[in-house]
Amino acid sequence: MAFNIERGLFKLEFTDHHAVLGVPLDAAPNDIRKRYLKISRRLHPDSCTAESEPVKQQASQLFAKLVNPAYEHLFGDQSRAEHNALLSRMGKRLVQEQNKIEIHSEAAKKLNKAGNLDVEYKTVLQSLAEKEYETLDRVLEQIAEISELNLIYLLRKASLGQSTRDQQTPPKSTTAGTTKPPGQVTAAVTEKKIEKQETSPTETYCRRAADYLDKNYPAKALLEMKDALKMEPNNSRCHALLAMAYWKQDQGTMAKIHMNQALKFNPQEPTALEVKKLMEKLAEKSASAAKKKEAEKSSGGLFGLFGKKSEKNEKKK
């Protein structure tokens, strides 16, 4: 069962795990876990109270394909840091493309004009999250609505030059008797942390994908690289690893497409060159086999040869 969401951050080919769980973009790990457990009690096969089997299966699919992956991304320290770095980049992208953004929900439109952004965002999100998994037929619609809310919040934060991770702190007096604006110090520290994470968020994805390929798990490597390419579509290493993953799954056409993309951006990309060599060997092997088959066909094959000799011997007799 496929779950396609075409609104909010999802429309920008970004998986909005926060929207799936119904938690704010700055949610703490404990809050993420509490929310996950609450959703689990409703959807998990062992605790789902749905009366019909089709509804139970739908709940199980939602849990396995949406909720579990979202929790795995947001609860772990490293994966959450990577996701937050991607969110920061997404915010900058939204600022550049804000004229193209389409919003459908009234909640998101209202947030776009709200004076107290943070308070309004969390109040509305909490209200939406309470209804998110009440009716399974409307889950995707509810996730889309929350994702639109996240998009507007992220856009407005980025427009103000703020991160969704910035902490608001009360004013403190300095030795000169003046006060610093709330969050001035922590914002600077946060920006440094984000800058460090953003050096290349795809590198971590690439390391995981390479590890999966070494362990012969190409399907997992594919997922890592697809996520990475959403943020860096011109990354040669991502395309190369994706090519190798497709190759290991016997999808030669897709492997060739991404191999060519990798070599286009970096003609010396090692993994892409390795895939190219594998393809050339397979092509040579196929050509050799075809040539041998054609030779056997034209000569009648080994048995045909013996058959002709037998016919000649019979005529002599």
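How much area does the protein expose, and what share of it do carbon and sulfur atoms supply? I looked this up before anything else. The protein exposes about 19,100 Å². Carbon and sulfur atoms supply 51% of that area. I note here that the model is predicted.

**Entry: overall fold**

I went through the secondary structure next. I found 14 helices and zero strands. Reading along the sequence, I wrote down α-α-α-α-α-α-α-α-α-α-α-α-α-α. The protein has 317 residues, and buried ones make up 39% of them. I then turned to contacts between residues at least 6 apart in sequence. Of these, 66% join residues at least 24 apart.

**Entry: cysteines**

I searched the whole structure for disulfides and found zero. C206 is in no disulfide, and the nearest cysteine sulfur, that of C238, is 3.8 Å away. The cut-off for a disulfide is 2.5 Å between the sulfur atoms, so a pair at that distance does not count. Is C206 buried or exposed? I read a relative accessible area of 0% for C206, so this residue is buried. I checked C48 as well. Its relative accessible area is 13%, and buried means under 20%, so C48 is also counted as buried.

**Entry: the largest pocket**

I moved on to open spaces. The largest pocket has a volume of about 880 Å³. Which residues are closest to its centre? From a lining of 25 residues, I noted H17, P69, H73, L223 and D227 as the closest. Four elements give two or more residues to this lining. They are α1 (17–21), α3 (53–75), α9 (201–214) and α10 (218–231). The largest share, six residues, comes from α10. I sorted the pocket lining by class too. It holds ten nonpolar, five polar and ten charged residues.

**Entry: the cavity**

How many cavities of 30 Å³ or more does the whole structure hold? My search gave one. The volume of the largest cavity is about 100 Å³. I listed its lining as E13, F14, T15, H17, H73, H83, L86, Y205, D227, K230 and M231. H17, H73 and D227 are in this list, and I had already met them by the centre of the largest pocket. Helices α4 (77–96) and α10 each supply at least two residues of the cavity lining. The largest share is three residues, and it comes from α10. By class, I counted four nonpolar, four polar and three charged residues around the cavity.

**Entry: Y205**

I picked Y205 from the cavity lining for a further look. Y205 lies in helix α9. Why does Y205 count as buried? Its relative accessibility is 4%, and the limit for buried is under 20%, so Y205 falls on the buried side. Leaving out residues up to four places away in sequence, I found that Y205 touches E82, L86, E224, M225, D227 and A228. Of these contacts, I followed up D227. Y205 and D227 are 22 residues apart in sequence. Their C-alpha atoms are 8.1 Å apart in space. L86 and D227 are among the residues that Y205 touches, and both also line the cavity.

**Entry: backbone angles**

I checked phi next. Most residues other than glycine have a negative phi. E13 has a positive value, near 60°, and is not a glycine. Where is E13 placed? I found E13 in the segment before α1. Its relative accessibility is 55%, and exposed means over 50%, so E13 counts as exposed. E13 is also one of the residues that line the cavity.

D250 was another entry on my list. Its phi is positive, about 60°, although D250 is not a glycine. D250 sits in the loop between α11 (236–248) and α12 (252–265). At 72% relative accessibility, D250 counts as exposed.

**Entry: D31**

My last look-up was D31. I placed D31 in helix α2, which covers residues 29–43. Is D31 buried, partly exposed or exposed? The relative accessibility is 42%, which lies between the 20% and 50% limits, so D31 counts as partly exposed. I also took a distance from D31 to F75. The two are 44 residues apart along the chain, and their C-alpha atoms are separated by 9.5 Å.

Definitions and conventions. Residues are numbered from 1 along each chain as its sequence is written. This is a predicted model: local features need pLDDT of at least 70, side-chain atom pairs count only at pLDDT 80 or more; totals for chains, interfaces and linings use all residues. Side-chain values use heavy atoms; hydrogens and water are left out. Buried means under 20% relative accessible area, exposed over 50%, partly exposed in between (1.4 Å probe, protein chains only). On a 1 Å grid over the protein atoms alone, a cavity is a set of points where a 1.4 Å probe fits but cannot get out, and a pocket is an open set with protein on both sides within 12 Å along at least five of seven lines; lining residues have an atom within 4 Å of a point. Grid points are joined across faces, edges and corners, and a volume is the space filled by probe spheres set on the points. Ala, Val, Leu, Ile, Met, Phe, Trp, Tyr, Cys and Pro count as nonpolar, Asp, Glu, Lys and Arg as charged, and the others, Gly among them, as polar. Contact means heavy atoms within 4.5 Å. Accessible areas come from the Shrake-Rupley method with a 1.4 Å probe; for residues, only the protein chains shown count as cover.
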